[in-house]
Amino acid sequence: MSKTDLRGTAPFKSFLRLSREIGNDILKTQGAGGNTSIKQDGVMWVKASGTWLSKAEDQDIMVPVVVDPLLRALRDSDPRAEKSTDFIVSELNSTGLRPSIETSFHAALGSPVVAHYHCVNAIALSVLEDREEELSARMSLLTDLKWGMIPYRRPGTPLAREIEKAAASKPDVLILFNHGIIVCGDSVEDVAARIKRVTDALTSEPRQSGGLDIEALTTMAQGSNFHPAQDIRSHSIALSETNRSAALGGSLYPDHVIFLGTEIGVLEDGKSATDYEAALTREGRDIPKMLLVPGKGVLLSSALTAGGEVMARCLAEVVSRIPEGKAVAYLSKSDEHELTHWEAEQYRQALDRDSVRQPA
């Protein structure tokens, strides 16, 4: 039986417009992060893995999947639910792309429209040791919205199973620890309005920092495989002791691990990046993708992918919103290992390496 092609309809066009708006706001989505979905007549259109929401109106990045069989697979612990590729409506999948690695949790949520994105304000609160208290204080102001908190789980089916437990209560908003946020609704307009309200409730002003020295960074990077971050905001990681401490303490969220790696280097003032690279090479150690120069700014590896470039900005936005003196709950070494050895993320990285570079 053929499935209805939702593309070209007014609701789908509105859905693509919202997806693009989310993707174009770096405080909500960075690079290939985040995903959106819309359901109708048993078919869910969800963002393709490795694609950028910002391109939603310019490129065909939504993949159709059948919902009920996917949901049964998730509930039966069927491994096919992980990639979700066996549930694609092939005759409507004109690009041949595979669905988001988080498709299964979109299926678990009954709402017709779902937006998941990596809101830096939500992440900055969700990585705190006392996050439940902090989030409750803010979200309690939105008395008409049903919301909940989800403990950290690896994206994919582990996270989807946790979300399915919460889905029975038909939540409007879910905040994912060390990850991001999900906003649900009956229509695109519902979701857009809720995103605005939740954003207002969770917003914190970034910590101000100064002292950027591009000239010194350029000198330090000369002859190396590093360059000063082009996005001025990215440098704030290195320009505040509180920001540096938060960034160097561990991995904060999945895309931090996937695109920036599990280690950030520190380059002392007066040292060169070439000397730093040589020292690590002699020791047989991997060279990090980001170097902090305290009080000067950030150097990024020239091998950094397009997604990694914008993730530097994302990290800066997150750490500059972590309140001073607050304890942080980092991802564990086991969490990092799960992410770095996961085929779905390796696929997403491969797509990212082929994408157009974005300045950071």
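User: Where should I start? Is W45 buried or exposed?
Analyst: W45 is buried, with a relative accessible area of 1%. Buried means under 20% relative accessible area, exposed means over 50%, and partly exposed lies in between, using a 1.4 Å probe and protein chains only.

User: What kind of model is this?
Analyst: The model is predicted: local features need pLDDT of at least 70, side-chain atom pairs count only at pLDDT 80 or more, and totals for chains, interfaces and linings use all residues. Residues are numbered from 1 along each chain as its sequence is written, and side-chain values use heavy atoms, leaving out hydrogens and water.

User: How many aromatic pairs are there?
Analyst: The whole structure has 2. In one, the ring centres of F12 and F15 are 5.7 Å apart and the planes are at 50°, so this pair is tilted. In another, the ring centres of F12 and W45 are 5.5 Å apart and the planes are at 70°, so that pair is edge-to-face. F12 sits in helix α1 and W45 in strand β2 (residues 43–47), 33 residues apart, and their pair links distant parts of the chain.

User: What counts as a pair?
Analyst: Rings of Phe, Tyr and Trp (its six-membered ring) pair if their centres lie within 6.5 Å. Planes under 30 degrees apart count as stacked, over 60 as edge-to-face, and the rest as tilted.

User: How do F12 and F15 sit in their helix?
Analyst: F12 and F15 are 3 residues apart in helix α1 (residues 10–23), about one helical turn. An α-helix has 3.6 residues a turn, so residues three or four places apart point the same way. Helices (H or I, at least four residues) and strands (E, at least two) are DSSP runs, numbered from the N terminus.

User: Are those two buried or exposed?
Analyst: Both F12 and F15 are buried. For F12 the relative accessible area is 4%. Together, F12, F15 and W45 form one aromatic cluster.

User: New topic. How many disulfides?
Analyst: There are 0 disulfides. The cut-off is a pair of cysteine sulfur atoms within 2.5 Å.

User: Why is C119 not bonded?
Analyst: Its closest cysteine sulfur, in C314, is 9.7 Å from the sulfur of C119, too far for a bond. C119 is buried, at 4% relative accessible area.

User: And where is the closest cysteine sulfur to C184?
Analyst: That sulfur is in C119, 15 Å from the sulfur of C184, again too far for a bond. C184 counts as buried, at 1% relative accessibility.

User: What is the strand order in the open sheet of 4 strands?
Analyst: The order is β8-β11-β10-β9, with mixed pairing. At the edges stand β8 (226–228) and β9 (265–266); each has a single partner strand, so one side of each is left without a neighbour in the sheet. Two strands pair if DSSP finds at least two bridges between them.

User: How does β8 pair with β11?
Analyst: β8 and strand β11 (residues 297–301) pair in the antiparallel sense over 3 bridges. One bridge partner to look for is L300 in β11, facing H227.

User: Which residues have the most contacts inside the largest nonpolar core?
Analyst: They are M290 and L315, in a core of 100 residues. Helix α13 (residues 306–319) gives the most to this core, with 7 residues. Apart from it lies another core, of 11 residues, among them A221 and Y276. A nonpolar core is a set of buried Ala, Val, Leu, Ile, Met, Phe, Trp, Tyr and Cys residues joined through side-chain atoms within 4.5 Å.

User: What does M290 touch?
Analyst: Not counting residues up to four places away in sequence, M290 touches residues including F226, I237, V298 and L315. Contact means heavy atoms within 4.5 Å.

User: Where is S84, and what is its phi?
Analyst: S84 is in the loop between α3 and α4. Its phi is near 65°, a positive value in a residue other than glycine. Most residues other than glycine have a negative phi. S84 counts as buried, at 0% relative accessibility.

User: What about S77?
Analyst: S77 is in the loop between α2 and α3. Its phi is near 55°, also positive. S77 counts as partly exposed, at 48% relative accessibility.

User: Last one. What is the mean pLDDT?
Analyst: The mean is 94, and 95% of the residues reach 70 or more. Over residues 356–360 the pLDDT is below 50. pLDDT is the predictor's confidence in each residue, from 0 to 100. Where pLDDT is low, the predicted coordinates should not be read in detail.
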